[in-house]
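Colleague: Please pick one part of this model and take a close look at it. Give me any term I need at the start, then go through the details in one connected answer.

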Amino acid sequence: MSGSAGRLSQWLLPLAVFCGALALWEIVVRVREIPPYVLPAPSLIAKTLVQDWSTLSGSLLVTLRITFEALFAAVIGGAGLAILFAQWRWAERSFFPFAIVLQVTPIVAIAPLLLVYLESETAVLVCAFLVAFFPILSNTALGLASADHNLVDLFDLHRASRFKQLIHLRLPAALPYFLGGLRIGGGLALIGAIVAEIAAGSAGQGAGLAFRIVEAGYRLNIPTCSRRWR
Amino acid sequence: MPGPIVALKRAGKTFGNGVSALEALDLDVREGEFLTLLGPSGCGKSTALRMIAGLSQPTSGALQWRAGTRPDVGFVFQEPTLLPWASVWSNVYLPLRLTGVSKAQAGPSVDKAIDLVGLTGFERAFPRELSGGMKMRASIARALTMRPPLLLLDEPFAALDEITRMKLNDDLLALKAELGTTIVFVTHSVFESVYLSTRIAIFAARPGRIAETLDIEAPPVRGEAFRLSPAYADYCRRASHALHAAMGRAA
Ligand SMILES: Nc1ncnc2c1ncn2[C@@H]1O[C@H](COP(=O)(O)OP(=O)(O)O)[C@@H](O)[C@H]1O
Ligand SMILES: [Mg+2]
């Protein structure tokens, strides 16, 4: 009994709250007669979504593909570099400052430059990569260093090589940290891709989601804009 | 009588931060004995044990191994320190795995070690599924897989409840009687040291050194009878007295 009740509240309650919020939004827009270019009602957004699905789905695919490519590259680069850092302290000392400089530089500042240097789609990919890279690197590095020091001693006691220590101790210990970094990095890759697409503006030929947002914004087609931001 | 397995000759340890943990420590570990290092916390017991294990190098003095080099040693930490993602069996297999022994070859040794600590039937359990006492048993089994001639334990039962600790004390004595392993055991409990040891080295602090040693004449496998005997009480009194004298001198 309590199990099914628990499951009910687990799914039904959030759903009800979500629908309630949408209904409230709809009511506010209708009662106060807010024009759609200021705040479109959810019903209008849904209608636009259905109407423009053919162009929107294409753009969505473009952006998602770039996001996943960037995330994949960030996983290889971030986790790989973290392992390198864990194995050789001099590598960490030499390269970590670069990673930090990249992290603290706002992506909107780099994006226009990259757009000059690179083709727009590649530039978007690099931007998404740059923002996803750091959380994966730093989380994995933290995880690799988190191995129990007594276990490290045990490995030393049995004269285990650094490689064996990595395989049997540091990598498994780092896994939860890595997954945490992956979650953050995944969200950031999408944001990075969209920010770069916006920076690319009309120059963006890739026609990703943000391109549609910018384009719709020019035409004051707010329902399309807000649909993309959701 | 052959010489000691290992002799610490005026071994000293000063850490990088200037803390002098040990000074001119002279200590023999004799074949077959159960030697306990007893002292207040911070007096350098762990440092001495880690030196014997080769996990820490003396900054002065030296260690002399009877065999010329350090043989395999088993080490049990204060916490069970098991790999949380590995089963009991895999944890006990770890030392052999690290030395390159295949699973099939290691099988009998691993099973035997698990049997020795009474964990048969729990091979596939994960550490999180075990009680504190069982985790410590798994940790001891891991230290025994290589059948080391020397077993080092650093306050292994300090975090366990009294009843579990008594049981593990008895089981450790039974293990020692069966395997004949030489044991060096660190504790800050006078009662535990008297109950387990054949010899107690009482440490004085700041800097760490041995203030006194005390031989315990009692049968190798002890029990309630020994714990309730006048001899036990007398040894406890003497050890406690020596400990307080050592601490008083340090203060
Ligand atoms: N790695 C270390 N670096 C600096 N000081 C240490 C280190 N390990 C231990 N010490 C110091 O050495 C002294 C002895 O420590 P330890 O051997 O752990 O004592 P015990 O095991 O008897 O409690 C303590 O004062 C402790 O703070
Ligand atoms: Mg200690």
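Modeller: A salt bridge here is a side-chain nitrogen of Lys or Arg within 4 Å of a carboxyl oxygen of Asp or Glu. Keep in mind that the model is predicted. B:R227 and B:E224 meet that definition, with their closest N and O atoms 3.3 Å apart. They sit 3 residues apart in helix α7 of chain B (residues 224-227), about one turn of the helix. Their surroundings differ in class. B:R227 has a relative accessible area of 15%, so it counts as buried, the limit being under 20%. B:E224 is at 47% and is therefore partly exposed.

The part I will take closely is a strand, and another salt bridge leads to it. The side chains of B:R66 and B:E31 meet at 2.6 Å, N to O. This pair joins distant parts of the chain, 35 residues apart. B:R66 is in the loop between β4 (60-65) and β5 of chain B, while B:E31 is in the loop between β2 (20-29) and β3 of chain B. B:R66 is partly exposed, with a relative accessibility of 42%. B:E31 is partly exposed too, at 44%.

Now to β3(B) itself. How many of its residues are buried? The count is 5 of 5, so the rest of the structure largely encloses the strand. In a regular strand, side chains alternate between the two faces of the sheet. The pattern in β3(B) is easy to follow: B:F34, B:T36 and B:L38 point one way, and B:L35 and B:L37 point the other. Residues on either side of β3(B) are buried.

Which strands flank it? The sheet is open and has 6 strands, in the order β5-β6-β7-β3-β8-β9 of chain B. That order puts β3 between β7 and β8. Pairing across the sheet is mixed. Its edges are β5 (73-76) and β9 (209-215) of chain B, each paired on one side only. From one strand to the next, the twist averages 15 degrees.

Strands of a sheet pair through backbone hydrogen bonds, either parallel or antiparallel. On one side, β3(B) (residues 34-38) runs parallel to β7(B) (residues 182-187), joined by 5 bridges. B:F34 has B:I183 as its bridge partner. B:L38 is partnered by B:T187 in β7(B). On the other side, 4 bridges join β3(B) to β8(B) (residues 199-204), again in parallel. There, B:L35 has B:R199 as its bridge partner.

Two loops that leave strands of this sheet deserve a check of the backbone. B:T81 lies in the loop between β5 and α2 (88-98) of chain B. Its phi is near 40 degrees, a positive value in a residue that is not glycine. B:T81 is at 7% relative accessibility, so it counts as buried. B:E155 is in the loop between β6 (150-154) and α5 (162-179) of chain B. It has a positive phi as well, about 45 degrees, and is not a glycine either. At 10% relative accessibility, B:E155 is buried.

Chain A gives some context for the salt bridges. The whole structure holds 15 of them over all chains. One of these joins A:E69 and A:R65, at 3.2 Å from N to O. The two are 4 residues apart in helix α3 of chain A (residues 53-87), which means a separation of about one helical turn. A:E69 is partly exposed at 35%, and A:R65 is partly exposed at 38%. With A:E121, this pair forms a network of salt bridges.

Between the domains of chain A, the picture is another one. Domain 1 covers 1-33 and domain 2 covers 38-229. Domain 1 puts 5 residues into the contact, and domain 2 puts in 6. The buried area is about 470 Å², with carbon and sulfur atoms giving 72%. In domain 1, A:W25, A:E26 and A:V29 lose the most area, together 85% of what that side buries. How many salt bridges cross between the two domains? The count is 0.

Note on methods. Residues are numbered from 1 along each chain as its sequence is written. Chains are lettered from A and ligands numbered from 1 in the order in which they are written. This is a predicted model: local features need pLDDT of at least 70, side-chain atom pairs count only at pLDDT 80 or more; totals for chains, interfaces and linings use all residues. Side-chain values use heavy atoms; hydrogens and water are left out. Two strands pair if DSSP finds at least two bridges between them. Axes are lines fitted to C-alpha atoms, for helices over the stretch in contact, and angles run from 0 to 180 degrees between N-to-C directions. Buried means under 20% relative accessible area, exposed over 50%, partly exposed in between (1.4 Å probe, protein chains only). Domain bounds come from an automatic or database domain assignment. Contact means heavy atoms within 4.5 Å. Buried area is the accessible area (1.4 Å probe) that two parts lose on being put together, summed over both.
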